Each structure stands twice: as C-alpha cells, then as structure tokens.
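Visitor: I'd love a close look at one part of this protein, the open sheet. Could you walk me through how it is put together and what lies against it?

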Amino acid sequence: MAVVGTIYNIKQFDDYILQMYYDSAPYLWYNGSYILTGASDELTGEFNTPLIIQEQGIGTYASSIADSLVAGGFNDWYLPSVDELIEIENSGIVTSGAFWTSTEFDINKAYAYIITIGANTYDKSFSFPVLMVRKEYTSTFVEVDRMKIQSKDAPILRGGENNADEDVYKMLGGVNGISKNSNILSNE
C-alpha cells in the first residue's frame, strides 16, 4: 500500500506525468447537502473537482480536501476521476482499498473505486479515504480533444507580446461568430 504523505508518479502520458498523494483519513463525498454538481467526467477529476466545490463550498469533504492540499510544493491537487483511479490501480502502487472518485452518478450517489473490483456507486454520505492527483506537465503544449493549445504559462494566454486574438482565432479553427479582429481577449 502507498505510504501516507508520499508523492508517487503513476503514469507518463505524452504531455504530463500523473502524480498521486495518499490521505488515509476517511471523508464524505459531499459537504452535507445533496446537490447535483454536474461532475460527471470519467476521464479527469481536474474538471470535476472545481464543479463540486462550486456547488458544495469549502469544507472537510473529499474534493475540498484535495483542492486545498499543498504537498511537494504543489497546490494543484484534485480528486481523481474513475479513469484516473484505474490508472492508479494499474500502476501497482495501491493494491487494496476503496477510494472516492470525483465522478458523480446522480444527486444522491457518486462513484467510489475499489481496488481489484472497480467503480461502484455509493451514497455521498459514505466515508472513504482519498487519493489526490495532479498533472506534472512535461511540455508547454497540452493535448485537449485532439487540439494542441498552449499551456497557461505561454505568452498567448498571459496577454503576451504577440497578437493573442489572432492566435486564439487560429487555434479554434475559425469558430462561427468570432472574427479575426473581434478582440475576444480584451475588455473592449
């Protein structure tokens, strides 16, 4: 079993390394209110975690604990999705246990992942330990839906010296309704 408080590299992808941090304390999935959060993404908890926190607020429940974690000098941790927990199981670092995922099933239930069994739905009021994950990017480009975009640190997204409007227009492939000269990144 993984050691509490240790950061593990789970898997190397094209653009990032999926890293994991283990917290053995059990947490509820929700903050005491049955609210549908829209956190249904099975691929990455990076999208689910902010949705859950937006609806549930800050607290001592799984997503909020993951989001507030600072470990190894990093503060970009989140609660993993079903697919990310599959990657954790496949890594062999975690060999037993049941852990919350960030993937919601319905207003009352979310998925927990049981190592060697798989994902099952449980009432959000159950308590499970959490594995927190983050992405250590290895490239300045990130693959999103088969479209390469520059990372959040690139000049285009920081209002850099180049023509950001034109670059975003090209990046989006000329989305209907957005002209090359629309000033989409300015407040004009």
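Guide: Happy to, and let's begin with contacts across the whole chain. Keep in mind that this is a predicted model. Counting contacts between residues at least 6 apart in sequence, 56% join residues at least 24 apart. The protein has 4 helices and 8 strands, and along the sequence they follow the pattern β-β-α-α-α-β-β-β-β-β-β-α.

Now to your sheet. It is an open one built from 3 strands in the order S1-S2-S6, with antiparallel pairing. Strand S1 (7–12) and strand S6 (127–137) are at the edges; each has a single partner strand, so one side of each is left without a neighbour in the sheet. On average, neighbouring strands here are turned by 35 degrees against each other, direction ignored.

As general background, strands of a sheet pair through backbone hydrogen bonds, in either a parallel or an antiparallel way. In this sheet, strand S2 (residues 16–28) pairs with S6 in the antiparallel sense over 10 bridges. If you would like a spot to find on screen, look for isoleucine 17, whose bridge partner in S6 is glutamate 136.

What lies against these strands? Helix H3 (residues 82–91) lies across S1, S2 and S6, and it runs at about 90 degrees to S6.

To place all this in the wider protein, buried residues make up 40% of its 188 residues. The protein exposes about 10000 Å², of which carbon and sulfur atoms supply 51%.

Terms used. Residues numbered from 1 in each chain as written. Predicted model: local features only at pLDDT ≥ 70, side-chain atom pairs only at ≥ 80, totals over all residues. Heavy atoms only, no water. Helix = DSSP H or I, 4+ residues; strand = E, 2+ residues; numbered from the N terminus. Buried < 20%, exposed > 50% of the residue type's maximum accessible area, 1.4 Å probe, protein only. Contact = heavy atoms within 4.5 Å. Areas by Shrake-Rupley, 256 points an atom, 1.4 Å probe, with all protein chains shown as cover. Pairing = 2+ DSSP bridges. Axes fitted to C-alpha atoms, helices over the stretch in contact; angles between N-to-C directions.
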